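Q: Please take a close look at one part of this protein, namely a strand and what surrounds that strand.

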Amino acid sequence: MSRAAVPDLPSRHPIGEQLPALYADDDFAQRFTAGLDTVLAPVFTTLDNLPSYFDPRLAPADFLAWLATWVGGTDDPRWPLALRREAVARAVELHRWSGTRRGLVEALRLVLGVSAEIAGDGGAAWSSTAGGALPPAPADEVVVRVWPRQGGAVDAAHEVDAAHEVDADRVRALVRRLCPVHTVCRVEVLPGPPTSEEG
């Protein structure tokens with residue numbers, strides 16, 4: 001991230017106009033301060049637009065990576081710009097759902113543009129009766145089923161069509177990163193939404 005002089009960017013606060021009248025007609029003083037205006041114009045422009053720098057949907061593209069670090073978001077420069085902006089904008093919301101089915105489904109939709117459903121609960125079991133018998137042990141495997149989103153449902157950030165292929169390796173990598181460490185997650189890539197028999 002860098003901010004430097006921008007050719008022909010006018011300063012909203014020219015120094016030459018603020019000098020005492022004695023220097024108003026002094027050619028050297030006006031040229032000298034014009035050089036300073038060239039350096040200060042980007043600073044003033046940045047300060048005038050500062051709120052936009054903190055909005056991921058408006059911030060300059062080179063500012064997004066730094067902004068992502070503020071909210072613990074993920075920013076991958078290989079992603080389309082619209083997706084990078086959306087990932088940073090929704091980072092706090094996704095943190096709220098971290099480690100849950102909803103969080104994983106939302107992350108897969110946002111980052112990879114795929115639909116998903118989660119089967120299994122990762123081995124969580126409890127009893128509502130104090131001192132009662134333990135419930136039967138649940139399956140300790142979580143099955144993550146993903147499929148391409150339908151053409152009409154794909155958002156602009158993913159710029160894909162109905163024939164979009166699911167990148168299984170990227171899905172597995174994201175699932176491995178987001179699933180709780182104590183769970184075993186198995187990924188199934190489907191050609192389309194699962195039928196009621198599969199669910």
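Which strand is joined to S2 by six bridges and runs parallel?

A: The strand is S3 (residues 184-189), which runs parallel to S2 and is joined to S2 by six bridges. The model is predicted: local features need pLDDT of at least 70 and side-chain atom pairs count only at pLDDT 80 or more, while totals for chains, interfaces and linings use all residues. Residues are numbered from 1 along each chain as its sequence is written, and side-chain values use heavy atoms, with hydrogens and water left out.

Strands (E, at least two residues) and helices (H or I, at least four) are DSSP runs numbered from the N terminus, and two strands pair if DSSP finds at least two bridges between them. Val 142 has Cys 185 in S3 as its bridge partner. S2 also pairs with S1 (residues 114-119), here in the antiparallel sense and over six bridges; Ala 116 has Val 146 in S2 as its bridge partner.

S2 spans residues 141-148, and seven of its eight residues are buried (under 20% relative accessible area, 1.4 Å probe, protein chains only). The largest nonpolar core (buried Ala, Val, Leu, Ile, Met, Phe, Trp, Tyr and Cys residues joined through side-chain atoms within 4.5 Å) has 21 residues, and Val 144 and Val 146 are among those that touch the most other members. Elements giving two or more residues to this core include S1, S2 and helix H6 (101-112), and H6 gives the most, with five residues. Leu 108 has contacts (heavy atoms within 4.5 Å) that include Ala 116, Val 144 and Val 146, not counting residues up to four places away in sequence.

How values were computed. Buried < 20%, exposed > 50% of the residue type's maximum accessible area, 1.4 Å probe, protein only.
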